[in-house]
Amino acid sequence: FLEISAYVFFSGMWLIAIGILVAIMSRDVMRLGLGILMFTSGFCILEAAIEGSLFLYGLLNVSDLLLAVVIAHLATVTQEETGAARRRGEAP
């Protein structure tokens, strides 16, 4: 990390730290997903600053897109389960 400028290093580390904090403290699936995406964004900033490979940049973007699809799917499944529990009269 010595070859990275200070503002890039601290912005990446800040995003990683805030992403972990949001992911740990959230109970909602969407907030958990936001924390995970912030963590991966910080990691992508640091990795793109160290390695200038276009292939790596593409892989990181594809992984972010797949992660967003998985989070959206989990949020819909959770929302459907709570809706079904409300229809049956169960407490949420």
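**Before I start**

I call a residue buried when its relative accessible area is under 20%, exposed when it is over 50%, and partly exposed in between. With that noted, I looked up Ile45 and found a relative accessible area of 33%, so Ile45 is partly exposed. I should also note that I am working with a predicted model.

**Entry 1: the whole chain**

I began with the overall layout. The chain has three helices and zero strands, and along the sequence I read the pattern α-α-α. There are 92 residues, and 21% of them are buried. I then looked at the surface, where the accessible area comes to about 6900 Å² and carbon and sulfur atoms own 70% of it. Next I turned to contacts between residues with a separation of 6 or more. Of these, 62% join residues that sit 24 or more positions apart.

**Entry 2: helix H1**

I moved on to H1, which runs over residues 6–25. With its 20 residues, H1 reaches 28 Å from first C-alpha to last, close to the 28 Å expected at 1.5 Å a residue.

Which residues of H1 are buried? I listed Val8, Gly12, Leu15, Ile16, Gly19 and Ala23. These buried residues cover an arc of only 95° around the axis, so they lie on the same side of H1. I then checked what covers them, and helix H2 (29–50) is included in that cover.

I also looked at the face of H1 turned away from the buried side. There I found the exposed residues Tyr7, Phe10, Trp14, Ile24 and Met25.

**Entry 3: a pair of rings**

I searched the whole structure for aromatic pairs and got one. The partners are Phe9 and Phe10, arranged edge-to-face, with 5.5 Å centre to centre and 65° between the planes. The angle earns that name because planes over 60 degrees apart count as edge-to-face.

Are the two partners buried, exposed or partly exposed? Phe9 has 24% relative accessibility and counts as partly exposed, whereas Phe10 is exposed at 55%.

**Entry 4: the loop after H1**

My next stop was Ser26, in the loop between H1 and H2. Ser26 has 17% relative accessibility, so I count Ser26 as buried. Which residues does Ser26 contact once I leave aside neighbours within four places in sequence? I found Arg31 and Leu32. I looked at Leu32 in more detail: its backbone nitrogen lies 3.3 Å from a polar atom of the Ser26 side chain.

**Entry 5: helix H2**

Then I followed the chain into H2. This helix has 22 residues and spans 32 Å from first C-alpha to last, close to the 32 Å expected at 1.5 Å a residue. Its buried residues include Gly33, Gly35, Thr40, Gly42, Cys44 and Leu46.

**Entry 6: back to Ile45**

I finished with the residue I opened with. Ile45 is found in helix H2. What does Ile45 touch, not counting residues up to four places away in sequence? My list reads Val8, Ser11, Gly12 and Leu15. Among these, Val8, Gly12 and Leu15 were already in my notes as buried residues of H1.

I also looked up the distance from Ile45 to Ser11. The two are 34 residues apart in sequence, yet their C-alpha atoms are 8.2 Å apart in space.

How values were computed
Residues are numbered from 1 along each chain as its sequence is written. This is a predicted model: local features need pLDDT of at least 70, side-chain atom pairs count only at pLDDT 80 or more; totals for chains, interfaces and linings use all residues. Side-chain values use heavy atoms; hydrogens and water are left out. Helices (H or I, at least four residues) and strands (E, at least two) are DSSP runs, numbered from the N terminus. The expected span of a helix is 1.5 Å times one less than its number of residues. Buried means under 20% relative accessible area, exposed over 50%, partly exposed in between (1.4 Å probe, protein chains only). The arc is that of the directions from the helix axis to the C-beta atoms. Contact means heavy atoms within 4.5 Å. A polar contact is a pair of N or O atoms within 3.5 Å; within protein, one must be able to donate a hydrogen and the other to accept it, and residues adjacent in sequence count only if both atoms are side-chain atoms. Accessible areas come from the Shrake-Rupley method with a 1.4 Å probe; for residues, only the protein chains shown count as cover. Rings of Phe, Tyr and Trp (its six-membered ring) pair if their centres lie within 6.5 Å; planes under 30 degrees apart count as stacked, over 60 as edge-to-face and the rest as tilted.
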